[in-house]
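Me: Could you take me through one part of this structure slowly, as I am still new to reading folds? I would like a close look at the sheet and what lies around it.

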Amino acid sequence: MDDCIDLSALAAPEPMDRVLDWLDAAAPGACQAFLLPRMPYPLFDHLARRPCDWETEPQPDGRAVVTIRRNASHDQS
Amino acid sequence: MINPEFSLPVEVPLRFLRTAPWWLLIASVLFAGHATEVLASRYHPATLAIVHLMMLGFAGNIMLGALLQISAVLAGARAQRPVLAGWLVWGALQAGTALLAAGLWLMQPLLLQAAGAVLGVMLLVFTGWLFTRLWRSPAVDASTAGLRWSVAGLGLTVACGILLLLVLTRGVALPLPDVLRLHVLFGSMGWVFPLLASVALTVVPMFLVTPPWPQRLARLLVPLNALMLLLLAVWPVLLPLLVLPVLLFVLQLLCSLKASKRGADPARWLWAWGGVNLLLVCALAPWLDALPRLNPVLLGGQFLCGALLPIYTAMLGKIVPFLLWLDYRASVPVGRKLRHMGQLFPERWLRGLGGLALAVGLTWPLALASIWPVLVLLLAYGVALLVVIHRACRNARAAITG
């Protein structure tokens, strides 16, 4: 996995757009962590429609790290 | 893995937000025809009708639309059948507002009782349901906690409103001035202020790139306000203390806005202008009886025109394009043509709307000298709001279909 990409200083909806752009272009098996300004609840619906798994880790300051792994198929585990 | 369905169908909150300007236009036209009576007394039937058209029809639609959306996003609180539930709440709110305004205007008991039944049943069921969902939500953020208090405040406001209608139409033996005082207190400081504060905790950092609010203040602000309200309900003499939570909120809001990384965003000065007016009105309101020169209608109007209008403008200028953008991104997952949400709702629209909201707030205090400048500006604002929301929705539809 590459280093965590810090998107926490961007105004909504840019962090979500950047995450989805990365995911749509990622090769199967690619994994990336993003530091987001808050728990990105609206993002989860979009992730659920894409072939990926993700984990979230809330930070003490209200930000959240979301780690996304692109799957090979549209079957989400 | 967290994988809930957080989003609400976009049409549910948008229906409320698109309806709100119509009520503002209706209220403004009626105000134009009866300005002298309205400005002369806060208890005149026309004044009561227009206040409820503004606060239920205009403000109520915006706040319920925002509440539904933010409760779904932050706390996962959404109905099993959100579209049907959204239609029911929306329909009852519009019918109840029309019945109440007509009943107050004509002082017609049957209309007032019908309004009480429609609004009472709908809003009490709605607040009971939403309060339970928010209470059971696993979300632990300060905004969600604030929303719970705000929903409870809405329920208390409605309950006091129904008691007032029972006093007026059925002669129920309750002290009218006390129930009226509680209705106004819970409506402004139990429902509107906690909702604005809770929304600000989320949307100001989210859209204006400010540091998060200090944790302790964010957690304590709305409960402190609720405690103050309870004390005031028992000891009205403490009313001047009500300014304290508002002062804390506005000071922190101004600090946050100063640190915003989006210095040119018009939402920044709209929040600031609205916050300062909110503080001014809350500081003056307790002295209405002591200062005869303080006109209660002017002060109430400043609450709406000076405080709420710019804050609602700032909220709508971000929430509407954000909702449409989420819907667009979900509808066009690949090969999208739009690059940013400014293509749906350009920032210059918000600047124009904000300029009108600012002008309304500045001209309202001069209403006793001449009502026409503020009326023309209110009508222009209502039309502009209607047009920009319609055009933003049309842009989104065109982007999705073509």
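Reply: Happy to help; here is a walk through the sheet of chain A and the helices beside it. Keep in mind that this is a predicted model.

Let's begin with the chain as a whole. Chain A holds two helices and four strands, and starting at the N terminus its elements follow the pattern β-α-β-α-β-β.

Now to the sheet. The four strands form an open sheet in the order β1-β2-β4-β3, and the pairing is mixed. At the edges you will find β1 (5-6) and β3 (52-58) of chain A; each has a single partner strand, so one side of each has no neighbour in the sheet. Look next at β2 (residues 31-36) and β4 (residues 64-70) of chain A, which pair in the antiparallel sense over six bridges. Within this pairing you can pick out A:F34, which stands opposite A:V66 in β4(A).

Next come the helices. Helix α1 (residues 14-25) of chain A packs on the sheet and touches β2, β3 and β4 of chain A; the direction of α1 makes about 175 degrees with that of β2(A). Helix α2 (residues 41-48) of chain A also packs on the sheet, touching β2, β3 and β4 of chain A, and its direction makes about 165 degrees with that of β3(A).

Finally, step back to chain A. Of its 77 residues, 52% count as buried. Among contacts in chain A with a separation of 6 or more, 63% come from residues 24 or more positions apart. The radius of gyration of chain A is 12 Å, which agrees with the value near 11 Å that a compact globule of 77 residues would have.

Technical notes. Residues are numbered from 1 along each chain as its sequence is written. Chains are lettered from A and ligands numbered from 1 in the order in which they are written. This is a predicted model: local features need pLDDT of at least 70, side-chain atom pairs count only at pLDDT 80 or more; totals for chains, interfaces and linings use all residues. Side-chain values use heavy atoms; hydrogens and water are left out. Two strands pair if DSSP finds at least two bridges between them. Contact means heavy atoms within 4.5 Å. Axes are lines fitted to C-alpha atoms, for helices over the stretch in contact, and angles run from 0 to 180 degrees between N-to-C directions. The radius of gyration is taken over C-alpha atoms; the globule rule is 2.2 Å times the number of residues to the power 0.38. Buried means under 20% relative accessible area, exposed over 50%, partly exposed in between (1.4 Å probe, protein chains only).
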